[in-house]
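Welcome, and thanks for taking a look at this one with me. Below are a few numbered points to read alongside the structure.

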Amino acid sequence: MNAPPKAIAGASTFVDDRIGAGNFLKRNLRKIFPDHWSFLLGEIALYSFIILLLTGTFLTFWFKPSMGEVTYTGNYAPLYGVKMSEAYASALHISFDVRGGLLIRQIHHWAALLFVAGMMVHMLRVFFTGAYRKPRELNWIIGILLLTLALLEGLTGYSLPDDLLSGAGLRITEGVILSVPIVGTYIAFFLFGGEYPGHDVISRFYTIHILLIPGILLALISAHMILMWVQKHTQMPGKDRTEKNVVGAPFYPAFMIKAGSFFLFTFGVIALLGTFAQINPIWLFGPYTPADISAGSQPDFYMGFLEGALRVMPAWEINFLGHTVALSVLIPALVPLGIIMTGLALYPFLEQWITGDRREHHIADRPRNNPHRTSIGIAGITFYGVLWLLGANDEISANFHISLYTTTWFGRIAVFVGPAIAYWVTYRICIGLQRKDAEVLAHGVESGVIKRLPNGQYIEVHVPPAEDIAEHIRGKKEIPILEGAEDAEGIPPKGARGPLGRLRAKMSRAYGTDHVPLPDGHHEEVHEAEHAGVGAGDRKELH
Amino acid sequence: MIGTGISVNSITARRRHPLARVAVVTLALGLLGGGYALAAPNGSTADAAIASGKADDVAQGKSLFVAHCASCHGMNAEGTKRAPTLIGVGAAAVNFQVSSGRMPAADSGPQAQRKPRADWATDEAIDQLAAYVQSLGGGPTVPSAEQVDPSKGDPAKGGELFRANCIQCHNFVGAGGALTYGKFAPPLNPATPTQIYEAMATGPQAMPVFNDTTITPEQKRDMIAYITHVRSQVDPGGSGLGRIGPVTEGLVAWVVGLSLLALAAIWITAKKRRAA
């Protein structure tokens with residue numbers, strides 16, 4: 001069992017003989033990875049990124065990042081003879097004249113959507129299982145940086161083809177920059193090289209999109225992976241799983257095969273989408289001119305919440321010392337993004353501050369077992385989701401025949417009320433699920449055997465749960481609560497003094513109080529006593 | 001006047017003639033009126049309509065109007081509180097509204113919607129109704145088949161005009177879009193070339209009028225060529241996803257892409273259910 005398989009031994013000897021890294025390989029190829037489907041979600045983003053690098057390189061062979069005007073003479077007849085930028089013409093060339101160009105373009109775009117979507121679900125998994133806790137806070141922050149950069153990478157990417165839709169996004173970007181007080185106009189002129197749209201922005205975005213951000217992404221992803229490797233992956237609670245071990249399959253061969261096959265799945269799904277679902281049909285949008293705009297101009301989905309915020313925002317504007325501050329643009333551009341990204345980045349530290357928990361955690365929480373965290377997360381998703389939905393309010397209005405202003409007002413109210421309702425509902429669901437867990441431990445699971453008692457009553461016999469399920473449930477850990485009680489002289493402990501301290505102690509009690517403690521082993525007898533009609537002998541028959 | 005054989009004196013004498021003023025005024029009025037009649041955007045008048053259509057078309061149209069339209073638009077198409085006057089809207093408006101099923105209106109929603117035509121609204125009945133309304137006060141006429149023939153238009157030029165004038169409401173391929181207060185710009189896919197032309201000429205409901213000085217008939221034909229070309233185009237990239245842009249793309253990325261990958265992850269990490 002302890003001897004490494006031949007494949008590892010052979011390879012590591014080969015490497016060891018040459019660069020002396022055999023031990024490193026031997027150790028790391030046997031690295032244990034815990035198994036849970038949700039642990040693969042981050043890999044969607046990782047593999048999409050690899051596909052993005054490869055397809056993106058292909059696209060650079062033909063794309064010309066220039067805003068110089070040309071007359072289109074390519075294969076797409078409805079644009080023949082139309083004046084357009086070289087960037088747009090070359091994107092059309094890739095789509096219609098380069099063999100496989102449209103497929104690769106579509107794969108690139110679908111991979112981009114799945115890259116960001118994969119990051120989001122991975123981040124939610126980490127959040128809801130508390131996998132960001134000590135010692136993984138830094139990796140969590142690297143993840144937030146990755147997500148932020150991915151949004152920027154997407155924005156610069158879908159601006160490149162210089163079609164009418166990408167121009168609309170560029171115009172909003174310019175508007176957002178202009179709305180920044182004092183420096184906004186300077187930044188806009190710097191970015192666009194003069195008056196919008198200028199002649200520079202496409203080539204600048206190109207460099208940012210293919211060099212700067214991918215470089216940083218690559219570096220941060222490497223750091224993310226190395227930290228994950230060194231700190232080891234968290235595992236779900238269960239049989240024989242402790243804070244000091246990792247239960248799972250070794251990297252070689254089991255996890256390597258799983259990861260490899262999941263890469264193929266990711267590639268397969270993206271290739272299927274790229275083949276059968278048209279994405280970003282730039283030839284239908286037409287070339288960008290600042291005078292034109294289409295109905296239903298939306299950004300890619302990950303920018304949708306910003307679009308929605310802009311759409312529901314009332315037209316507020318103030319004049320301060322002769323300077324116009326366009327709050328109607330500034331607030332939706334910065335506030336939701338700020339709440340979500342800053343909130344995510346600070347959450348591990350706020351949680352530590354509230355609970356006073358400075359321990360290391362390697363066992364993941366089940367979301368139900370930390371109901372306040374789960375509720376905060378769902379409230380955040382609701383906030384994001386309402387804004388995201390409202391980013392498509394004109395399509396919703398047009399396709400479902402709901403008045404546009406009704407959707408706007410729904411959004412204005414729901415963005416505040418929705419998260420509160422979601423918080424409360426989620427909290428109740430968590431508590432309900434905890435009760436269910438406690439019940440499984442206390443009363444066992446349904447056996448499917450109906451028993452008639454001597455007095456004629458029918459009952460279903462319950463049997464103890466399977467060991468792995470019971471251990472999974474028993475993996476629940478108490479959330480520490482700050483000491484807030486006053487001592488004999490009526491003086492509260494250090495951390496709980498002053499208004500902030502008192503609030504902290506109060507929040508800590510609310511956050512940590514366990515409303516549904518799990519029954520310990522003694523409850524078995526209580527259960528027996530409750531159902532006096534079922535003798536011990538009857539239960540044995542069922543095993 | 002030198003060399004014409006007419007002495008300047010004789011012209012001067014005629015200019016002083018008592019009837020000269022009358023003659024000049026008559027000539028000026030004649031030029032002005034004639035010029036207007038030639039240059040006016042809608043040369044068709046009530047008389048012209050009667051002349052072009054048959055007079056009994058107008059009579060037939062009036063009885064159709066009384067039977068199907070007058071309850072809202074008034075007995076003489078003068079308009080009521082419920083519906084506008086139809087005097088001067090022209091045959092094109094009648095043809096557009098009735099052939100697309102919008103009129104007679106079914107309900108009092110924010111705007112009349114395309115629906116199957118009324119039973120009585122045959123092509124002939126629509127022509128008769130149009131002739132009657134045209135006879136009331138003129139207006140844009142129904143375009144000829146040649147005027148709306150997509151094969152005679154230039155789709156590339158039409159595309160530029162389409163993007164400049166139409167897509168802010170109708171979307172980049174004419175898939176439709178939302179307007180305020182429950183109104184909407186309908187999808188252009190079911191519209192016939194004639195209806196597209198008529199909509200531009202008459203500006204139905206919330207739509208502005210694009211008359212022949214704003215967009216010439218040739219340009220209208222170019223736009224029709226673009227619209228019909230693009231809507232009949234097979235999407236080269238696979239399913240067009242409704243051609244409404246990134247909203248459905250995002251939906252598919254999550255509902256199809258991410259769901260499939262989550263299922264794959266669940267499959268890969270699934271454990272054996274029974275002991276080996």
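1. A good place to start is a meeting of two helices from separate chains. In this predicted model, α5(A) contributes A:Trp110, A:Leu113, A:Leu114, A:Ala117 and A:Val121, and these meet B:Glu249, B:Gly250, B:Ala253, B:Trp254, B:Gly257 and B:Leu258 of α12(B). By class, the residues of this contact are eight nonpolar, two polar and one charged.

2. How do these two helices lie against each other? Helix α5 of chain A covers residues 101-128, helix α12 of chain B covers residues 246-268, and they pack at an angle of about 65° with axes 10 Å apart. The crossing of α5(A) with α12(B) is right-handed.

3. Now step back to the whole interface. Here 51 residues of chain B are in contact with 57 residues of chain A. On the chain B side, the elements giving two or more residues are α8 (155-165), α9 (167-170), β1 (177-178), β2 (184-185), α11 (217-232) and α12. Helix α12(B) supplies the largest share, 16 residues. This side of chain B has 29 nonpolar, 17 polar and five charged residues.

4. It helps to know how chain B is built. You will find 12 helices and two strands, running from the N terminus as α-α-α-α-α-α-α-α-α-β-β-α-α-α. Of the 276 residues in chain B, 38% are buried. Among the contacts in chain B with a separation of 6 or more, 70% join residues 24 or more positions apart.

5. Over in chain A, please look at helix α13, residues 327-355. The 29 residues of α13 would reach 42 Å in a straight helix at 1.5 Å a residue, but the end C-alpha atoms are only 37 Å apart. Look along α13(A) and you will meet a kink of about 50° at A:Tyr347, shortly before the proline A:Pro348.

6. Which residues of α13(A) are buried? Among them are A:Val329, A:Leu330, A:Pro332, A:Leu344 and A:Ile354, and the kink residue A:Tyr347 is buried too. Their cover includes α6 (137-159), α7 (164-179), α12 (304-312), β6 (323-325), α14 (371-390) and α18 (498-512) of chain A. Just after α13(A) comes A:Gly356, with a positive phi of about 65°.

7. For a second helix in chain A, try α1, residues 6-19. Its 14 residues should span 20 Å at 1.5 Å a residue, and the end C-alpha atoms are indeed 20 Å apart, so the two values agree. Just after α1(A), A:Gly20 takes a positive phi of about 65°.

Definitions and conventions:
Residues are numbered from 1 along each chain as its sequence is written. Chains are lettered from A and ligands numbered from 1 in the order in which they are written. This is a predicted model: local features need pLDDT of at least 70, side-chain atom pairs count only at pLDDT 80 or more; totals for chains, interfaces and linings use all residues. Helices (H or I, at least four residues) and strands (E, at least two) are DSSP runs, numbered from the N terminus. The expected span of a helix is 1.5 Å times one less than its number of residues. The bend at a residue is the angle between axes fitted to the seven residues ending there and the seven starting there. A residue is buried if 20 or more other C-beta atoms lie within 10 Å of its own, exposed if 12 or fewer, and partly exposed in between; C-beta atoms are placed from the backbone. Two residues are in contact if their C-beta atoms, placed from the backbone, lie within 7 Å. Axes are lines fitted to C-alpha atoms, for helices over the stretch in contact, and angles run from 0 to 180 degrees between N-to-C directions. A crossing is left-handed if the near helix is turned anticlockwise from the far one by less than a right angle, and right-handed if clockwise. Ala, Val, Leu, Ile, Met, Phe, Trp, Tyr, Cys and Pro count as nonpolar, Asp, Glu, Lys and Arg as charged, and the others, Gly among them, as polar.
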